[in-house]
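Q: Please take a close look at one part of this structure, the contact between its chains. Describe it plainly for someone who has not met it before.

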Amino acid sequence: MTERREELDALLVQRATEGLGPDESRRLNQLLIEHPGVDKEWVDRLVGEVDAEWAAGSETPLSEGLRAALVAAGPEPDDAPDEARPAPTGPSIGRLTSWAGWAAAAAIAFLAFGPLRGNDDRVPTFAEVVALEDVVRAEWQPGGDDFGAEVAGEVVWSPGAQSGVMRFSGLSANDPSDAQYQLWIFAEGRDDRFPVDGGVFDIPDGLDVVDVPIMATLEVGAPTLFAVTVERPGGVVVSSRERMATIAQVSE
Amino acid sequence: MEKGDVVELAEWRAGRDGAMTTLRLGSPLLRLSRGEVGAVEACVDAYGPMVQALIRRLRPAASDVEDVVQEVFVALWRSAHRFDPDRASDRGFVAMITRRRVIDRTRREERQPSTVEYDPGQDRGSDEHERTLGRLQAGPAMDALRRLSEERRRWIVMAVVEGYSHREIAERSNTPLGTVKSGIRRGLAEMRGWLEGEDMQEVRG
């Protein structure tokens, strides 16, 4: 095991047991990018199992009021994500905790976009990319920056079509005059120092779920990791990676 | 431990080869991910007491336990689709989300997530940590914990269950911080290997 891999595992342990400061989070993200095949949740899962076994001897019933509040805030039945369901193309605002947002995802940045297939030059929907045979899927994880602390969702990408869509929930809305999100795509055979610029985008306020088409500037090939940074308005050519909002690692 | 827990933990152990797929059908978390009627209530009843107990342990002085419980469940509703029964038990997955929310919240409050008032020089001794260990219910994680060397087991119990920071553990055990950190890391890696049946040669090396 290399020294840097040991450092990575040490930070995963610290994250799971006492948390990380901003500098440590940045360092962890840097190491995760250097080690794209690492299971970055192994410590969290293991500690979770210990916690669960410990709690089994200490549980007391919830108060009636708390139980009712939790149930009331839960997702409605049948609102679970349904990949076979076509995603609508207009924005929608739903309950914060409702999964209806997954189906009523708001698509933004419907600008000029590369072809999904052949000469079809319209923007692909999340469901359309998911339906492709070679689709690659990866879940968003917090990247250390506060903007991504509550992020969930996933990114889907088709190497054959060179098209993809990012689906976010919980990613903080940004003020485009102050900062914008920028996607970086790491791929097999590509130097990690020079990931593909996946485009600049914004997250509007008040939306549960946002779909953002990926606007890669170069051929991506087989992606290994998607990273979203917070950058100055208009984006940058080379990111300092100081503000990593979220990352999605493609499973091997 | 209740009967249902035994099934879930058994699933976790046997899940990788898919041998117990049918037993997973009853997991409230999986029912939730399928959008089944009644799954929300089932999740609240199955995991709510555990979430509440963990929060009380991790934030013993806090008066906002119910607020944090609600915060955890909001995160659970969002993250349930990520649950993979081949990689974790459903209770372990929920506990993982709970710990993350507690640490995030505590970090935001600029306090360490210590569950014990720090009193340097007054280590409660190995017996106390063993009593803490004894409170853990029978299960795969506890079995793995018991297989560790006494030192690594004590440090992991202090870090995970009792909530001491690595620095506090080092001071209490009169051990260099780096030694404590590597001991905890290697101990957890050993546990992972036993639970997942991996070759531990690399970890030990």
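A: **Chain B and its contact with chain A**

Chain B has an accessible surface of about 9000 Å², and carbon and sulfur atoms hold 46% of that (Shrake-Rupley method with a 1.4 Å probe; for residues, only the protein chains shown count as cover). The model is predicted, so to speak of local features a pLDDT of at least 70 is needed and side-chain atom pairs count only at pLDDT 80 or more, while totals for chains, interfaces and linings use all residues. Residues are numbered from 1 along each chain as its sequence is written, chains are lettered from A and ligands numbered from 1 in the order in which they are written, and side-chain values use heavy atoms, leaving out hydrogens and water.

Chain B contains 11 helices and 0 strands (DSSP runs numbered from the N terminus: helices are H or I of at least four residues, strands E of at least two). Of its 205 residues, 53% are buried, meaning under 20% relative accessible area with a 1.4 Å probe, protein chains only.

At the contact (heavy atoms within 4.5 Å), chain A contributes 58 residues and chain B 69. Together the two chains bury about 5900 Å², with 59% of it on carbon and sulfur atoms; this is the accessible area (1.4 Å probe) that two parts lose on being put together, summed over both. On the side of chain A, E18(A), E53(A) and W54(A) lose the most area to chain B, together 14% of what that side buries.

Charged pairs also cross the interface. There are 11 salt bridges between chain A and chain B, each a side-chain nitrogen of Lys or Arg within 4 Å of a carboxyl oxygen of Asp or Glu. One of these salt bridges joins R101(B) to E150(A), at 3.2 Å from N to O.

On chain A, α1 (3-17), α3 (42-55), α4 (64-73) and β2 (136-142) each supply at least two residues of the side that touches chain B. The largest share, 14 residues, comes from α3(A). By class, that side has 29 nonpolar, 13 polar and 16 charged residues (Ala, Val, Leu, Ile, Met, Phe, Trp, Tyr, Cys and Pro are nonpolar; Asp, Glu, Lys and Arg are charged; the others, Gly among them, are polar).

Strand β2 of chain A includes Q141(A). Q141(A) is buried, with a relative accessible area of 8%. Leaving aside neighbours within four places in sequence, Q141(A) is in contact with K40(A), E41(A), V151(A), A245(A), T246(A), I247(A) and, from chain B, R82(B).

Technical notes
Buried means under 20% relative accessible area, exposed over 50%, partly exposed in between (1.4 Å probe, protein chains only).
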